[in-house]
Amino acid sequence: MHEIVDGPKPKHAQLREILRRLAERDLAPGSPIPSERDLAERYGVSRITVRAAVGQLVAEGLLTRAKGRGTFTARRRYDLQHLLASFTSDMKARGLEPSTEVISSGQAAPGSKASLGLDPDEYAYRVVRLRRADGAPLALEAGWYSPHLLPELDRCDLSGSLYELFAAKYGVQLDEARQTVWAETADAETAKALDVRKGSPLLVFRRVASAQGRPCEDVTSWYRGDLYQVTMQLDRTVPGSGPNSAKGGTR
């Protein structure tokens, strides 16, 4: 067991590094750490010192506090892919077991709610699903789907990859999409579905995908903000946009 000693390095900084090693090497994501009292007794420091060390790791995102439950190691965050790929294939590529609960499916008139090139009174397929990985709820998605490209979609098994279904049953391969990202807080219904508190942060993605220029899917997905992040590489590639633009830019 590491010890905390008197010296030039403050005790809260020593304890912070001990807890950092514990969280990064010894404990699985989502595991509880010892209580404030236990840490104070184990390392011979005050609870104020413990509180300072833990607070710094919470601020870094390495630990999380749950009111009335304690402090836990943060769960691993998943990078959302910037590819036109299904949730199912993405999770399998990460070594996770995907599963899907179909909350509702049927026909409705989206009107201006969906970008599928339909007449105002024309019906589309509406599918709402909860996506899980290794049993944990990760995303809630609600999509509109073209009745022209995907006839009788509501009669199909929608509990797997829709993209695989589109290809196998309809010969439809989505080849282009436009995606918009924003942040929201979870309302009561979404929070219950995703097993988070009302008001928890969410990453929201709206994707409009097409096949050979024909709109096929308009889906909005609400991802848990504590489990997902978006990473992008940015390069200055617009001609004349800066002093290094002739060489493709810098980042």
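**Exercise 1.** In this predicted model, work out the handedness with which α1 passes α3, then describe how the two helices pack.

*Solution.* Start with the crossing: α1 goes past α3 in a right-handed one. Next, find the helices, with α1 covering residues 11–26 and α3 covering residues 47–60. Their axes sit 8 Å apart, and the packing angle is about 50°. That angle makes α1 oblique to α3, because angles of 65 to 115 degrees would count as roughly perpendicular and those under 35 degrees as roughly parallel.

Now look at who's touching whom. On the α1 side you'll find Lys11, His12, Leu15, Arg16, Leu19 and Arg20. Across from them, α3 brings in Thr49, Val50, Ala52, Ala53, Val54, Gln56, Leu57 and Glu60. Sort the residues of this contact by character and you get seven nonpolar, four charged and three polar.

**Exercise 2.** Is Ser200 buried or exposed, and what does Ser200 touch?

*Solution.* First, place the residue: Ser200 lies in the loop that runs between α6 (188–194) and β8 (201–211). Then check its relative accessible area, which is 16%. Buried means under 20%, so Ser200 is buried. Leaving out residues up to four places away in sequence, Ser200 touches Glu184, Thr185 and Ala186. Finally, follow the side chain of Ser200, which reaches the backbone oxygen of Arg197 at 2.7 Å.

**Exercise 3.** How many helices and strands does the protein have, and what share of its residues is buried?

*Solution.* Count the elements: six helices and 10 strands. For burial, take the 251 residues of the protein; 39% of them are buried. As an extra step, consider contacts between residues at least 6 apart in sequence: 56% of these join residues at least 24 apart.

How values were computed:
Residues are numbered from 1 along each chain as its sequence is written. This is a predicted model: local features need pLDDT of at least 70, side-chain atom pairs count only at pLDDT 80 or more; totals for chains, interfaces and linings use all residues. Side-chain values use heavy atoms; hydrogens and water are left out. Axes are lines fitted to C-alpha atoms, for helices over the stretch in contact, and angles run from 0 to 180 degrees between N-to-C directions. Helices (H or I, at least four residues) and strands (E, at least two) are DSSP runs, numbered from the N terminus. Angles under 35 degrees count as roughly parallel, over 145 as roughly antiparallel, 65 to 115 as roughly perpendicular and the rest as oblique. A crossing is left-handed if the near helix is turned anticlockwise from the far one by less than a right angle, and right-handed if clockwise. Contact means heavy atoms within 4.5 Å. Ala, Val, Leu, Ile, Met, Phe, Trp, Tyr, Cys and Pro count as nonpolar, Asp, Glu, Lys and Arg as charged, and the others, Gly among them, as polar. Buried means under 20% relative accessible area, exposed over 50%, partly exposed in between (1.4 Å probe, protein chains only). A polar contact is a pair of N or O atoms within 3.5 Å; within protein, one must be able to donate a hydrogen and the other to accept it, and residues adjacent in sequence count only if both atoms are side-chain atoms.
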